[in-house]
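Open the model in your viewer and keep the selection tool at hand. The stops below say what to select and what is there.

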Amino acid sequence: MTAKWLEQFSGYHRVKRTPQCPGSVVRVRGLAIGGGDLVVMAGPCSVESERQLIETAEAVALAGARVLRGGAFKPRSSPYSFQGLGLEGLKFLAKARSLTGLAIVTEVMSETDVDLVAEYADIMQVGSRNMEHFSLLARLGKCGRPVLLKRGMVATIDDLLRSAECIAAHGNSDILLCERGIRTFDTVTRNTFDVTAVPVLKAATHLPVIVDPSHAAGVRDLVPILARAGVVVGADGLLVEVHPDPAKALSDGEQSLTFQQFEAMMHDLERYVPMESNLQHLTSIGRERRA
Ligand code: PEP
Ligand code: MN
């Protein structure tokens, strides 16, 4: 990228990429996100029950995921939809972590929940609808946990960087940027995956970039190919929805992969990116299983 083009990011003092800070690594539970290996985060859209979560955690860990996702506090478009299990869901996430060794990423929706969620989560997820909830972002600057910041569905790259800078300015530079698709005039898919955002964010900032192909596509058959596209253009990690029985999911079933589809996706990705540490993890889980 030319120096002139990069000048547009000069105001983002804390998150912009510089020769002194070309790329930062976010460390969580022995994982290095942004360190060269692809880190896959997978699990259900919502935590629905202990059994659903633990079955999913074991399946995704065996397939090579390193982080378990699952919403306990859910931002739903309708007040009549399932709103999440709240504290009970956080407790199931902690149990799944202790059984599988997976780190936990889960959404925090409100400033008043930050301390509670930080007690259970390894990574605090800010959802698309909250990307510009500046008082929440400020509070996350002091939460002591890495933050996964999702791009707002109608946010420009500049808007996303402004929100990241806000978290950093309040004291927390452990930020993962997440491209999850944006709204466009096209309604064939749930959102439009902005594949360009990945190399642009990598050029503009030192922060690791995560791609969420599930919310970008909205339909499960497109998820593996968008995941592949994301890693080929340089994503440091993926956030993927997986469910034991997607047809019965309480949220986002249409875009959730089955266990078999997730495993097939992981095999496909091995051809494109280094996932050595994932495979070592898989081997150790396999050993425990056999013992
Ligand atoms: C989610 O990850 O389940 C979610 C609600 O995502 P987004 O905020 O990107 O819509
Ligand atoms: Mn979802």
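Select Arg29 first. With a relative accessibility of 54%, Arg29 counts as exposed, because the cut-off for exposed is over 50%. Arg29 belongs to the loop that runs between strand E1 (26–28) and strand E2 (31–33). Display its backbone angles as well: phi of Arg29 is near 45°, which is a positive value in a residue other than glycine. Keep in mind throughout that this is a predicted model.

Now go to Val26, which is placed in strand E1. Is Val26 buried or exposed? At 1% relative accessibility, Val26 counts as buried, because buried means under 20%. To get a sense of distance, add Arg190 to the selection and draw a line between the two C-alpha atoms. Val26 and Arg190 are 164 residues apart in sequence, and their C-alpha atoms are 30 Å apart in space.

The next stop is helix H3, which covers residues 87–100 and contains Thr100. The relative accessible area of Thr100 is 13%, so Thr100 is buried. Show the side chain of Thr100 and look for two partners in the backbone. What lies 2.7 Å from a polar atom of this side chain? It is the backbone oxygen of Ala96. The other partner is the backbone nitrogen of Leu102, 3.2 Å from a polar atom of the Thr100 side chain.

Select strand E7 next, residues 147–150, and pick out Val147 within it. Val147 has a relative accessibility of 0% and therefore counts as buried. Add Val126 to the view. Along the chain Val147 and Val126 are 21 residues apart, while their C-alpha atoms are separated by 7.2 Å.

Leave the strand and select ligand 1, which sits in the largest pocket. Show the residues around the ligand. There are 13 of them, and those that come nearest are Arg69, Ser128, Arg129, Lys150 and Arg180. How many residues of this shell are nonpolar, polar and charged? Two are nonpolar, four are polar and seven are charged.

Three side chains in this region deserve a distance line each. Start with Arg69: an N or O atom in its side chain is 2.8 Å from an oxygen atom of ligand 1. Continue with Lys150, where a polar side-chain atom lies 2.9 Å from an oxygen atom of ligand 1. Finish with Glu241, which has a polar side-chain atom 3.3 Å from an oxygen atom of the ligand. Then switch on a surface for the ligand: taken alone, ligand 1 exposes 300 Å², and the protein buries 97% of that.

Keep Glu241 selected and add Gly253. These two are twelve residues apart in sequence, with 8.6 Å from C-alpha to C-alpha. Gly253 is placed in the loop between E10 and H10. Its relative accessibility is 5%, so Gly253 counts as buried.

The last stop is Asp252. Asp252 is found in the loop between strand E10 (237–241) and helix H10 (259–270). Is Asp252 buried or exposed? Asp252 counts as buried, because its relative accessibility is 13%. Display the backbone angles once more. Phi of Asp252 is near 55°, a positive value in a residue that is not glycine.

Definitions and conventions: Residues are numbered from 1 along each chain as its sequence is written. Chains are lettered from A and ligands numbered from 1 in the order in which they are written. This is a predicted model: local features need pLDDT of at least 70, side-chain atom pairs count only at pLDDT 80 or more; totals for chains, interfaces and linings use all residues. Side-chain values use heavy atoms; hydrogens and water are left out. A residue is near a molecule or strand if one of its heavy atoms lies within 4 Å of it. A polar contact is a pair of N or O atoms within 3.5 Å; within protein, one must be able to donate a hydrogen and the other to accept it, and residues adjacent in sequence count only if both atoms are side-chain atoms. Accessible areas come from the Shrake-Rupley method with a 1.4 Å probe; for residues, only the protein chains shown count as cover. On a 1 Å grid over the protein atoms alone, a cavity is a set of points where a 1.4 Å probe fits but cannot get out, and a pocket is an open set with protein on both sides within 12 Å along at least five of seven lines; lining residues have an atom within 4 Å of a point. A molecule sits in a cavity or pocket if more than half of its atoms lie within 2 Å of its grid points. Ala, Val, Leu, Ile, Met, Phe, Trp, Tyr, Cys and Pro count as nonpolar, Asp, Glu, Lys and Arg as charged, and the others, Gly among them, as polar. Helices (H or I, at least four residues) and strands (E, at least two) are DSSP runs, numbered from the N terminus. Buried means under 20% relative accessible area, exposed over 50%, partly exposed in between (1.4 Å probe, protein chains only).
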